[in-house]
Amino acid sequence: MQTVYLTHGPESFLPKPEPCVMAMGFFDGVHMAHQQVILEAKKIARKRKVKLAVMTFFPHPKEVLSCGKEKMNYLTPLEVKLNRFSKLGVDIVYVIKFDQFFAELSPKEFIDTYVTGLGVKHVVAGFDFTYGQKGKGNMKTMSTDGEGKFLVTVISKLDYRGQKISSTSIRNLLSNGKVNEIASYLGDYYETRGEVVSYYRSRIGKRFYADISTLPYYTLPSNGIYEIEMDMGDHIYQGSALVYANKIKLSLDGSFKHQEYQTIKLKWIRSFEIENAQLKQM
Ligand SMILES: Cc1cc2nc3c(=O)[nH]c(=O)nc-3n(C[C@H](O)[C@H](O)[C@H](O)COP(=O)(O)O)c2cc1C
Ligand SMILES: Nc1ncnc2c1ncn2[C@@H]1O[C@H](COP(=O)(O)OP(=O)(O)OP(=O)(O)O)[C@@H](O)[C@H]1O
């Protein structure tokens with residue numbers, strides 16, 4: 001997969017147009033609805049024998065448009081998001097730096113420069129995708145803005161139990177500690193990555209305790225105790241995680257082999273019911 005980073009400005013250059021079908025959006029978490037958008041684009045790309053492209057942005061528009069006042073709780077760092085795109089069969093990803101200059105592009109300027117200008121033959125996006133200054137462009141205006149130079153497919157709303165599957169709904173489940181419900185939205189358990197900072201073995205019993213740091217651009221579930229699975233590459237451990245004040249303490253079964261600075265993956269399976277007052281005593 002080729003990744004092309006673009007910054008809008010007077011000095012900016014655009015790569016050679018590449019005929020493609022392009023899925024568009026921020027795609028934080030690459031949840032079930034995001035996958036549906038990308039897989040529909042893939043189907044069309046294979047049929048038309050052109051490349052499958054994704055256009056995404058960084059940082060999150062909300063962070064920029066609020067002038068940094070609104071802090072985003074990301075579900076996936078950009079690198080992990082790119083990895084998911086690659087696994088879905090994406091050929092090219094355009095990552096556009098979302099800054100004030102880019103945000104001020106009119107809808108038509110955006111389409112001319114970054115859609116027609118990149119060689120897009122077909123756009124696929126969800127019913128609520130918006131673009132251009134003040135988010136004035138939408139899926140109803142896109143064909144007109146494109147002057148018939150590309151086709152447009154709109155993906156209708158994908159719901160789960162009457163609620164739109166969205167990155168926001170997953171962020172809300174995390175902030176309520178309802179990690180067990182996330183898999184229905186994400187298609188898998190919520191995952192974070194981090195490193196083992198320190199660990200020790202209990203004197204009695206064969207348990208290990210480890211302090212874990214979390215890599216940037218992940219959001220931890222709210223304070224509580226959770227059933228987790230820790231993937232260390234060569235071994236998967238079952239255990240529980242205490243989350244308190246944005247820190248993680250793990251309690252793990254079995255023999256634990258740790259290598260310095262090794263990245264670990266944590267899958268958040270379910271929460272154990274526990275009162276906040278009890279947590280403060282731990
Ligand atoms: C060129 C461009 C300019 C944008 N300017 C604004 C803006 O001024 N105000 C706004 O609320 N959103 C703006 N947006 C952000 C969109 O509303 C939207 O968040 C973004 O395209 C990602 O789409 P998604 O959230 O559906 O994934 C802009 C988007 C693009 C592509
Ligand atoms: N439930 C859904 N059904 C259909 N399309 C969707 C759905 N959720 C997102 N999309 C589409 O996926 C692309 C990426 O969307 P976006 O990143 O805004 O996701 P989101 O989950 O709505 O995020 P947020 O909750 O932060 O607004 C866009 O084209 C959007 O329209």
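**Reading a ligand shell and backbone features**

Guide: Ligand 1 is surrounded by 16 residues, the closest being Gly25, Phe26, Phe110, Tyr131 and Gly135. A residue is near a molecule if its C-beta atom, placed from the backbone, lies within 6 Å of it. This is a predicted model: local features need pLDDT of at least 70, side-chain atom pairs count only at pLDDT 80 or more, and totals for chains, interfaces and linings use all residues. Residues are numbered from 1 along each chain as its sequence is written, while chains are lettered from A and ligands numbered from 1 in the order in which they are written.

Visitor: By class, which residues does the shell around ligand 1 have?

Guide: Ala, Val, Leu, Ile, Met, Phe, Trp, Tyr, Cys and Pro count as nonpolar, Asp, Glu, Lys and Arg as charged, and the others, Gly among them, as polar. The shell around ligand 1 has ten nonpolar, five polar and one charged residues.

Visitor: Which elements each supply at least two residues of that shell?

Guide: Helices (H or I, at least four residues) and strands (E, at least two) are DSSP runs, numbered from the N terminus. Here α2 (61-65), α4 (100-103) and β6 (130-131) each do so.

Visitor: Where is lysine 134 found, and is this residue buried or exposed?

Guide: A residue is buried if 20 or more other C-beta atoms lie within 10 Å of its own, exposed if 12 or fewer, and partly exposed in between, with C-beta atoms placed from the backbone. Lysine 134 is in the loop between β6 and β7 (137-138), and is exposed because 11 other C-beta atoms lie within 10 Å. Although lysine 134 is not a glycine, its phi is positive, about 55 degrees.
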